[in-house]
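Colleague: Before I believe any label on a model, I like to ask what earned it. Can we go through this one that way?

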Amino acid sequence: MSVLKKVLESGKFAVTAECGPPKGADPEAVIKKAELLKGKADSINVTDNQTAIVRMSSMAACSLIKSIGLDPILQVVVRDRNRIALQSDILGASAIGIRNVVCLSGDHMRFGNQPQAVGVFDLDSIQFIKTVKDMRDESKIVGGDALAKAPDMFIGAAANPFADPLEFRVVRLGKKIAAGADFIQTQCIYNMDRFEKWMEMVRDRGLDKKCYILGGVTPLKSPGMAKYMKNNVAGMDVPDELITRMQGVPKEKWKEEGIKICVETIERLKTIKGISGVHIMAIEWEEAVGEIAEKAGLLPRPII
Amino acid sequence: MKKELTRTLAIFYCQNVPESGEEVRQSLEKRYGKSIRLFPMPCSGRIDIVHLLRALEEFADSVYVITCPEGSCKYLEGNKRIKKRIERAKSIIESIGIEKERLNLITPVSGDDKVSLASYADEVMEGATKLTPSPVFKKAAHGAGKTKRK
Amino acid sequence: MITAEQKPMDEIRDMIAPYKKILTVGCASCVAECAAGGEKETGALASALRMACKMAGDEKIIHEKTLDRQCVKDFVIQLDEVIKDYDAILSLGCGAGVQAVAEMYNEIPVIPALNTEFLGETRDQGLWIENCLGCGDCMLYTFGGVCPLARCSKQLMNGPCGGSQDGRCEVDPDVPCAWQNIIDRLSSFKALDRLDTIYPPKDWSKKRGAGPRKIVREDQKR
């Protein structure tokens, strides 16, 4: 049973965190990271060859973290697999006890270490969400063939309130929900004002009532990181005030300040109508998740 | 030491270059003999890359293109177009081992005293004494390997 | 049209190296339009190759001829009268043209001088843009005349993705976000609600479902 689903359905503020698999075949590398997250979040996202860099498969890493008692969220991008492989992976994931999946487009191959690879994109993320929903609820695959046993999946999708065009973002969110998304994790938030504006549009369309929305947060490690994200990562909105704020503290205090900002963001998220939880993405800084969750008053996680 | 010039130059020029009528052309060809070949054009923009290459292939150690001053092209863009084509032609000849200095663009700055065709011709012919023969016409040494490739 | 660009000179020289009598064949259609293989470019390439050979002491005969189209048998056949004089053809046709010539004269090697690229339009002088994938199942009406498969880097049919910023694609700031274009275009037709539909998975079998495709028209046959 999906822990995330249980927590959300109970009405409690949910916490998810992210775990990136290693660029190698060592299972210990996954276990070590996962141990840092034990008890700090309800369910753990495992990324899928993020930034198009070859890493241990999300499915394998999910299986490893499950073996130490965590509840994995399988992230799947449509960049690398055709519909045969995607549907097959959903069946496989369900068979080994994975109960959460997030359906994503995926970063373009150009950004990673295999820019010469073909991008599959047989399905897009929305078609993939619908595919998983039909497999789960109607026990059938694309084309209509029946499944011997339906997979059991809590279906998630991503939303980016900071990409353009702003007004269309909620239309697309609506499509993801109509296609079958049960929960949404947003891109990490630095511009709260813009995020609240987006949430207003979300509420206007009643989408918060149809789906659980978790706001994404990522702690800053340095002013350089903030600047990099502002200038080099598509779909990110990092206000100048945050960079100034990070620059205003001495180097030894950067991480502390980054965590402070993150906690403040979570406190604000808790007050926003329609937000059901937070998704903490502490990239290559999994130790910070515990501290952030603690300071934001999110611990201990409920046992349901 | 032989001072006689054995280089051949090709000069393509726009007919709007001052004092560039047929009589001037004939008198220049008479004066310089085989060392110069003059090609009048209705506009420098009519010159294509293939013309420049054919000149280098067939007889020219060096090619000059004389255009109207910037902003004064009667067809508005001709002198801009030939400038870009010469750039491309230079990279083509470089890729086969011919020095890009063998293709030259002369575009006077507007407002300069109007230089006549004969003045240009005299100037480039004088500079040509320092010019080495084009590698296209050098007899390749017997059993020579391939020329150095970029 | 089909676009292409000339291969690097060294690569062309390597391929023609073993041959003594080469006919350089241009094409006056698509590749002339994109300034890669038309009569002028064919003349320029042949001239450059002759100069290169001369400088290397390599006695090759290199002639040139430009056909109206290289992808149509009735035009290619014009080479019949001259072909016996050559031991290789250097073709400045697109991939389709090179192969059509090779089919006709399959005893002599046909060497491609171009890298064929994409189906596209001449957007502006000196600028060609890919806009069609040849999917065999055109949806351009639905998407307001902007193809999400050819012009979206991720081929999304229910776009845009989260990387769309300021109307630019995350892959390259010079690439417009096709989905921004689609949204703008449909908005101007007051048809934005067309995007409320969840477009189902594409039938890719129309593109390569049974291997290389062909079209047969009985009414067009002899």
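What follows is a chat about the contacts between the chains and about one helix.

Modeller: Fine by me, but keep in mind that this is a predicted model.

Colleague: Which chains touch, and how do you know that chains A and B don't?

Modeller: Contact takes heavy atoms within 4.5 Å. For chains A and B, the nearest C-alpha atoms are 26 Å apart, and the two chains do not touch. Two pairs of chains do touch, and the pair with the most contacts is A and C. There, 31 residues of chain A meet 29 residues of chain C. Between chains C and B, the contact takes 18 residues from chain C and 23 from chain B.

Colleague: What is the area behind the A and C interface?

Modeller: About 2,500 Å² is buried between those two, and carbon and sulfur atoms give 54% of it. The size of an interface is often given that way, as accessible area lost when the parts come together. For chains C and B the figure is about 1,900 Å², with 56% on carbon and sulfur atoms. R13(C), M51(C) and M55(C) supply 34% of what chain C buries against chain B, more than any other three residues.

Colleague: What makes K40(C) and D48(B) a salt bridge?

Modeller: The rule wants a side-chain nitrogen of Lys or Arg within 4 Å of a carboxyl oxygen of Asp or Glu. K40(C) and D48(B) have their N and O at 3.3 Å, so the pair passes the 4 Å cut-off. The count between chains C and B is three salt bridges, along with four residue pairs in polar contact. On chain C's side, the elements giving two or more residues are α1 (9–16) and α3 (39–55), and α3(C) gives the most, with 10.

Colleague: How many salt bridges and polar contacts does the rule find between A and C?

Modeller: Zero salt bridges, but 19 residue pairs in polar contact. On chain A, α5 (125–138) and α6 (166–179) are the elements giving two or more residues to that side, and α6(A) has the largest share, seven. By class, the side of chain A that touches chain C splits into 16 nonpolar, six polar and nine charged residues.

Colleague: On to helix α2 of chain A. Which of its residues are called buried?

Modeller: V30(A), I31(A), K33(A), A34(A) and L37(A), within a helix spanning residues 27–37. The label requires under 20% relative accessible area.

Colleague: Why do you say they're on the same side of the helix?

Modeller: Because they cover an arc of only 165° around the axis of α2(A). An α-helix has 3.6 residues a turn, so residues three or four places apart point the same way. The buried residues of α2(A) pack against β1 (14–19), β2 (43–46), α3 (58–67) and α11 (287–295) of chain A.

Colleague: And what makes D26(A) a cap?

Modeller: A side-chain oxygen of D26(A) lies 3.0 Å from the backbone nitrogen of E28(A), at the N-terminal end of α2(A). A polar contact needs N or O atoms within 3.5 Å, so 3.0 Å qualifies. After the helix comes G39(A), with a positive phi near 80°.

Colleague: Last one: how are the helices and strands of chain B ordered?

Modeller: Chain B has four helices and four strands, running β-α-β-α-β-α-β-α from the N terminus. Of its 150 residues, 43% are buried.

How values were computed: Residues are numbered from 1 along each chain as its sequence is written. Chains are lettered from A and ligands numbered from 1 in the order in which they are written. This is a predicted model: local features need pLDDT of at least 70, side-chain atom pairs count only at pLDDT 80 or more; totals for chains, interfaces and linings use all residues. Side-chain values use heavy atoms; hydrogens and water are left out. Buried area is the accessible area (1.4 Å probe) that two parts lose on being put together, summed over both. A polar contact is a pair of N or O atoms within 3.5 Å; within protein, one must be able to donate a hydrogen and the other to accept it, and residues adjacent in sequence count only if both atoms are side-chain atoms. Ala, Val, Leu, Ile, Met, Phe, Trp, Tyr, Cys and Pro count as nonpolar, Asp, Glu, Lys and Arg as charged, and the others, Gly among them, as polar. Buried means under 20% relative accessible area, exposed over 50%, partly exposed in between (1.4 Å probe, protein chains only). The arc is that of the directions from the helix axis to the C-beta atoms.
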